[in-house]
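Thanks for coming, everyone. I have one structure to show you today. Please take a look at it before I start.

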Amino acid sequence: RGWFGPRALSPSGPLRVEGEIAAPVLSRRVNPEYPAEARSERVQGRVWVEATIDAAGNVTDLEILRGIAGLNVSSVDAVCCWKYKPATRNGQPVSVYYPVYLDYGLR
């Protein structure tokens, strides 16, 4: 299980961003809320999720690839609101699996 996730590809389902597949481009990012309990416990780090982005650029599904207790829910809540310029294959929009990460750090 690597950064690109464990999901099996199906001919009619989302594709992996590789080869002739051009990656989606983030057009609207919603920053995650840093949960008060995680902040008070000084929980920090990077949460990796794999987003399924449809041909319209919407996040339709998420899977946590590498999570951190106390930060996973806020990560999913944020990424589900992100919007992308869709991935393309041969100039046509396609649905893809796409890994993204969120960093949490205390200053």
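I'll go through the sheets, then the core, then the aromatic pairs. One caution before that: this is a predicted model.

Let's start with the four-stranded sheet. Its 4 strands make an open sheet, ordered E1-E9-E4-E5, with mixed pairing. Which strands sit at the edges? They are E1, residues 15-16, and E5, and each of them pairs on one side only.

Now go across the sheet, pair by pair. E1 and E9 run parallel, joined by 2 bridges. Find Leu-15 there, and you will see it opposite Val-96 of E9. Next come E4 and E9, which are antiparallel, with 9 bridges between them. Val-96 turns up again here, as the E9 bridge partner of Ile-53. Then E4 and E5, also antiparallel, with 6 bridges. In that pairing, Ala-51 has Leu-62 of E5 as its bridge partner.

How many residues lie between the strands in the hairpin of E4 and E5? There are 5. Look for Gly-57 in this hairpin: it takes a positive phi near 90 degrees.

Is E4 mostly covered or mostly open? It is mostly covered, with 7 of its 9 residues buried.

There is also a sheet of 3 strands. This one is open too, in the order E2-E7-E8, and its pairing is antiparallel. Its edge strands, each pairing on one side only, are E2 (21-22) and E8 (92-94). E7, residues 87-89, pairs with E8 over 3 bridges. One partnership to find on screen: Arg-89 with Gln-92 in E8.

Back to the four-stranded sheet, and to a helix. H2 lies across E4, E5 and E9. Against E9, H2 runs at about 125 degrees.

What is in the core? A bit of background helps. In soluble globular proteins, nonpolar side chains tend to be buried together. Here, the largest nonpolar core has 24 residues. Which members touch the most others? Val-59, Leu-71, Val-79, Trp-82 and Val-96 do. Several elements feed this core: E4 (45-53), E5 (59-66), H2 (72-79) and E9 (96-104) each supply at least two of its residues.

Take Leu-71 from that list. Leaving out residues up to four places away in sequence, Leu-71 touches Tyr-34, Pro-35, Ala-38, Val-43, Val-47 and Tyr-104. Keep Tyr-34 and Tyr-104 in mind. They come back shortly.

Now a polar residue. Ser-75 sits in helix H2. Is Ser-75 buried or exposed? Its relative accessible area is 0%, so Ser-75 is buried. With the same sequence neighbours left out, Ser-75 touches Val-47, Leu-102 and Tyr-104. The side chains of Ser-75 and Tyr-104 are also joined by a polar contact of 2.8 Å.

Last topic: aromatic pairs. A pair of aromatic rings is described by the distance of the centres and the angle of the planes. This structure has 3 such pairs. I will show two of them.

One pair is Tyr-34 with Tyr-104, edge-to-face, at 5.3 Å centre to centre and 85 degrees between the planes. This pair links distant parts of the chain, 70 residues apart. Tyr-34 is in the loop between E3 (25-28) and H1 (36-40), while Tyr-104 is in E9. Why do both count as buried? The cut-off is under 20% relative accessible area. Tyr-34 is at 14%, so it counts as buried. Tyr-104 is at 6%, so it does too.

The other pair is Trp-48 with Tyr-101, and it is tilted. The centres are 4.9 Å apart, with 50 degrees between the planes. Trp-48 is in E4 and Tyr-101 in E9, so this pair ties together parts 53 residues apart in sequence. Trp-48 counts as buried, at 15%. Tyr-101 is partly exposed, at 37%.

One more residue goes with Trp-48. Glu-63 lies in E5, and at 21% it is partly exposed. Glu-63 and Trp-48 are 15 residues apart along the chain, and their C-alpha atoms are 8.8 Å apart.

To wrap up, go back to Tyr-104. Tyr-104 touches Leu-71, has a polar contact with Ser-75, and pairs with Tyr-34. Find Tyr-104 on the screen, and trace those partners yourself.

Key: Residues numbered from 1 in each chain as written. Predicted model: local features only at pLDDT ≥ 70, side-chain atom pairs only at ≥ 80, totals over all residues. Heavy atoms only, no water. Core = buried A, V, L, I, M, F, W, Y, C linked by side-chain atoms within 4.5 Å. Buried < 20%, exposed > 50% of the residue type's maximum accessible area, 1.4 Å probe, protein only. Contact = heavy atoms within 4.5 Å. Polar contact = N/O pair within 3.5 Å; in protein donor to acceptor, adjacent residues only side chain to side chain. Pairing = 2+ DSSP bridges. Axes fitted to C-alpha atoms, helices over the stretch in contact; angles between N-to-C directions. Phe/Tyr/Trp six-rings, centres within 6.5 Å; stacked < 30°, edge-to-face > 60°.
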